[in-house]
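Got the model open in your viewer? Here's a short tour: what to select, and what you'll find there.

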Amino acid sequence: MATNHFYTGSMLMIVAPSGAGKSSLVNALLEKDPSLQLSISCTTRAPRPGEVNGREYHFLTEAEFKARRDAGDFLEWAEVHGNFYGTSRSWIEGQMQAGKDVILEIDWQGARQIQKLVPSATWIFILPPSLETLEDRLKKRAQDDEATIQKRIAAAKEELAHVREAHYLVINDLFEAALFELRQIISATRLRADCQLARHQDLAQQLGVLSN
Ligand code: 5GP
């Protein structure tokens with residue numbers, strides 16, 4: 001992976017325990033800001049009702065996933081809740097070259113890996129307003145059986161243990177307020193000096209402030 005010296009876009013990682021409302025927030029973000037591109041991950045998890053291959057995820061068999069992983073096709077990958085998940089390296093590199101802002105919905109293990117590869121990536125953590133709300137949201141989802149829900153509650157607590165590694169924290173109590181905060185974080189990320197200098201190279205050169 002090249003360094004992002006010439007990368008004019010921003011990379012935003014959104015991490016949250018299941019039940020924090022991450023997907024609804026990301027969908028609303030994408031609707032409001034068409035310049036954001038969402039990375040569609042590969043997974044070995046079975047599709048949930050209503051999920052479409054290539055829209056929520058690229059659904060792969062374990063053998064397919066491992067073959068792609070071993071071929072170096074994933075920028076990062078992790079095992080979460082007993083399934084494999086990975087981010088396509090070639091898709092991300094294409095977006096980076098085109099200067100697009102990319103959103104990754106990944107877990108803390110993936111965020112750590114990306115942080116090492118792309119130090120300017122912004123890590124946003126979304127928290128539920130309380131543990132009760134988190135458990136309620138997981139139960140109401142009703143797409144998973146009881147054993148899966150319990151596994152997700154345990155995994156949520158593990159995910160929460162990594163909140164301090166993130167750069168920004170959004171508490172998803174009132175949806176619109178959380179969405180507004182996320183949009184502010186994205187604006188601030190786009191205005192980072194390194195991103196701005198890469199984006200406005202002519203101006204930087206004219207003013208003699210080109211980054212090295
Ligand atoms: P779900 O199965 O509920 O869609 O996602 C389970 C967890 O896997 C979530 O925490 C989600 O963020 C994470 N996840 C989804 N895609 C990826 C990925 O490409 N890489 C990593 N590391 N985690 C992912």
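Start with the charges: the chain carries 24 positive and 28 negative side chains, and the centres of the two sets lie 1 Å apart. Here Lys and Arg count as positive and Asp and Glu as negative, with His and the chain ends not counted; each charge is placed at NZ of Lys, CZ of Arg, CG of Asp or CD of Glu.

A word on the ground rules: this is a predicted model, where local features need pLDDT of at least 70 and side-chain atom pairs count only at pLDDT 80 or more, while totals for chains, interfaces and linings use all residues. Residues are numbered from 1 along each chain as its sequence is written, and side-chain values use heavy atoms, with hydrogens and water left out.

**Zoom out**

Show the whole chain as a cartoon and you should find nine helices and nine strands. These are DSSP runs numbered from the N terminus: helices are H or I with at least four residues, strands are E with at least two. Along the principal axes, the C-alpha atoms fill a box of roughly 60 × 40 × 30 Å. The radius of gyration is 18 Å, which agrees with the value near 17 Å for a compact globule of 212 residues; it is taken over C-alpha atoms, and the globule rule is 2.2 Å times the number of residues to the power 0.38.

Switch to a surface and the chain exposes about 11200 Å², with carbon and sulfur atoms supplying 52% of it (Shrake-Rupley method, 1.4 Å probe; for residues, only the protein chains shown count as cover). Of the 212 residues, 42% are buried. Buried means under 20% relative accessible area, exposed over 50%, and partly exposed in between (1.4 Å probe, protein chains only).

**Select Arg190**

Arg190 sits in helix α7, residues 175-190. Which side chains does the side chain of Arg190 meet in polar contacts? One is Asp101, at 2.6 Å, and another is Ser35, at 3.1 Å. A polar contact is a pair of N or O atoms within 3.5 Å; within protein, one must be able to donate a hydrogen and the other to accept it, and residues adjacent in sequence count only if both atoms are side-chain atoms. Not counting residues up to four places away in sequence, Arg190 also touches others, including Ser10, Leu36 and Arg199 (contact means heavy atoms within 4.5 Å).

**Hop to Arg199**

Follow that contact to Arg199, in helix α8 (193-199). Arg199 is partly exposed, since its relative accessible area is 32%. Beyond four places in sequence, Arg199 touches Thr8, Ser10 and Arg190. Now draw a distance from Arg199 to Phe175: the two are 24 residues apart along the chain, and their C-alpha atoms are separated by 32 Å.

**Over to Ser88**

Next, pick Ser88 in strand β6. Is Ser88 buried or exposed? Ser88 counts as buried because its relative accessibility is 12%. Its side chain makes a polar contact of 3.4 Å with the side chain of Ser90, and a polar atom of that Ser88 side chain lies 3.1 Å from the backbone nitrogen of Trp91. Leaving aside neighbours within four places, Ser88 is in contact with Asp73 and Phe74.

**Last stop: His81**

Finish at His81, in the loop between β5 (74-80) and β6 (83-88). Check the backbone here: phi is near 50°, a positive value in a residue other than glycine. His81 counts as partly exposed, at 24% relative accessibility.
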